[in-house]
Amino acid sequence: MSSQINASSRDTASNHESVRTPQNENSLATSIILFVVCFALFLGAIYSLSFLSLGNPWPMAACLVLFALAFWIPQTILGRSDSAGEH
């Protein structure tokens, strides 16, 4: 393991050279709100399965969409999928 820091991981908004790590990327309140939203999507996906029947395929479609969003939002939109090389 080396301790090299890439130039792309530096925070350019501040005057001093600070490194953005997972510990200081979001505030606690933001992290809690993001967790609640994504967990609500996940629970909504599970709840939609209670309406599933052979004659009605829409609850399964809703389950797949909500389940995909619950994982896609944090990994893609919030940019956490590209932070593996920070440490």
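# A tour of a two-helix chain

Of the 87 residues in the protein chain, 11% count as buried, where buried means under 20% relative accessible area, exposed means over 50%, and partly exposed lies in between (1.4 Å probe, protein chains only). This is a predicted model, in which local features need pLDDT of at least 70 and side-chain atom pairs count only at pLDDT 80 or more, while totals for chains, interfaces and linings use all residues. Residues are numbered from 1 along each chain as its sequence is written, and side-chain values use heavy atoms, with hydrogens and water left out.

**Whole chain.** Start with the cartoon view. The protein chain has 2 helices and 0 strands; helices (H or I, at least four residues) and strands (E, at least two) are DSSP runs, numbered from the N terminus. Now switch on the surface. The chain exposes about 6,900 Å², and carbon and sulfur atoms supply 66% of that area; accessible areas come from the Shrake-Rupley method with a 1.4 Å probe, and for residues only the protein chains shown count as cover. Among contacts (heavy atoms within 4.5 Å) between residues at least 6 apart in sequence, 47% join residues at least 24 apart.

**Helix α1.** Select residues 28-48, which make up helix α1. Pick L43 in this helix: L43 is partly exposed, with a relative accessible area of 44%. Add L28, I32, F35, V36, F39 and I46 to the selection; with L43 they form a nonpolar patch on the surface, with about 700 Å² of accessible area together. Patches are made of residues with over 30% relative accessible area and no salt bridge, with like charges joined within 9 Å and nonpolar side chains (Val, Leu, Ile, Met, Phe, Trp, Tyr) within 5 Å. A salt bridge is a side-chain nitrogen of Lys or Arg within 4 Å of a carboxyl oxygen of Asp or Glu.

Next select S48, also in helix α1. S48 is buried, with a relative accessible area of 9%. Not counting residues up to four places away in sequence, S48 touches P59, A62 and C63.

**Cysteines.** From S48, move to C63, which is buried at a relative accessible area of 11%. C38 is buried too, at 13%. How many disulfides does a search of the whole structure find? It finds 0, a disulfide being a pair of cysteine sulfur atoms within 2.5 Å.

**Rings.** Show the aromatic side chains. The whole structure holds 6 aromatic pairs. The rings of Y47 and F51 have their centres 5.3 Å apart and their planes at 90°, so this pair is edge-to-face. Rings of Phe, Tyr and Trp (its six-membered ring) pair if their centres lie within 6.5 Å; planes under 30 degrees apart count as stacked, over 60 as edge-to-face and the rest as tilted. Y47 is exposed, with a relative accessible area of 55%. Then select F35, F39, F42, F67 and F71, which form one aromatic cluster.

**Helix α2.** Finish with residues 58-77, helix α2. L69 is in this helix and counts as partly exposed at 30% relative accessibility. Draw a C-alpha distance from L69 to F42: the two are 27 residues apart in sequence and 8.3 Å apart in space. Leaving aside neighbours within four places in sequence, L69 is in contact with L41 and P74.

P74 also lies in helix α2 and is partly exposed, with a relative accessible area of 24%. For the last distance, choose P74 and L34, which are 40 residues apart in sequence and 8.1 Å apart in space, C-alpha to C-alpha.
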